[in-house]
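Hi there,

Here is the structure I promised to pass on to you. Please open it and keep it in view while you read my notes below.

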Amino acid sequence: MSSEPTSSASEQSPTSPVSPRSLHLPENRRTRDRSPSPMRGYLIPSPLPTRRTRTFSATVRASEGPVYKGVCKCFCRSKGHGFITPADGGPDIFVHISDIEGEYVLVAGDEVTYKMCSIPPKNEKLQAVDVVITHLAPGTKHETWSGHVISS
């Protein structure tokens, strides 16, 4: 019997290398070094404040503000945002997926109520928060967050 340790399965399997150095490359090839980017390993923060990243003071200001009414102009679930057209006119207001209350995904034509919060860093544009669907758009299919589809 041999007292030598046996090699592990990961060293024997060419399909699951532990590191690039464990690959068996030809002698004349060397591994390519990655570019020395100063941002490597850092996540670039989103410029849009979601419910998770909004400051407490901005949340309080928004919750104390008036409730507005509007109609969903468009919403893309895969992108996670859309726009609301205010009932009293004015420019469209951005809405993020994290600010929608209730069980349904917004669809164009849905009547909603919302509060407004400014978007940093310049605080020039507005974002809808605490968005609640008050009337589903008639004749459209609505999807719940869990994926069930209903017709209204």
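**Strands and cysteines**

A good place to start is K69, which stands opposite T113 in β5. Please keep in mind that this is a predicted model.

That pair of residues belongs to a wider pairing: strand β1, residues 68-76, runs antiparallel to strand β5, residues 111-119, with four bridges between them. β1 also has another partner, strand β2 (residues 81-86), and these two pair in the antiparallel sense over six bridges. Look for C76, which stands opposite H81 in β2. The hairpin of β1 and β2 has four residues between the strands, and G80 there takes a positive phi near 85°.

Now for the cysteines. How many disulfides does the structure hold? The count is zero. To see why, recall that a disulfide needs two cysteine sulfur atoms within 2.5 Å. For C72, the closest cysteine sulfur is in C74, 6.5 Å away, so the two are too far apart for a bond. The closest cysteine sulfur to that of C76 is also in C74, but at 8.7 Å, which is again too far for a bond.

Are C72 and C76 buried or exposed? C72 counts as buried because its relative accessibility is 3%, and the cut-off for buried is under 20%. C76 has a relative accessible area of 28%, so this residue is partly exposed.

Happy exploring, and do write back with any questions!

Best wishes

Methods. Residues are numbered from 1 along each chain as its sequence is written. This is a predicted model: local features need pLDDT of at least 70, side-chain atom pairs count only at pLDDT 80 or more; totals for chains, interfaces and linings use all residues. Side-chain values use heavy atoms; hydrogens and water are left out. Two strands pair if DSSP finds at least two bridges between them. Buried means under 20% relative accessible area, exposed over 50%, partly exposed in between (1.4 Å probe, protein chains only).
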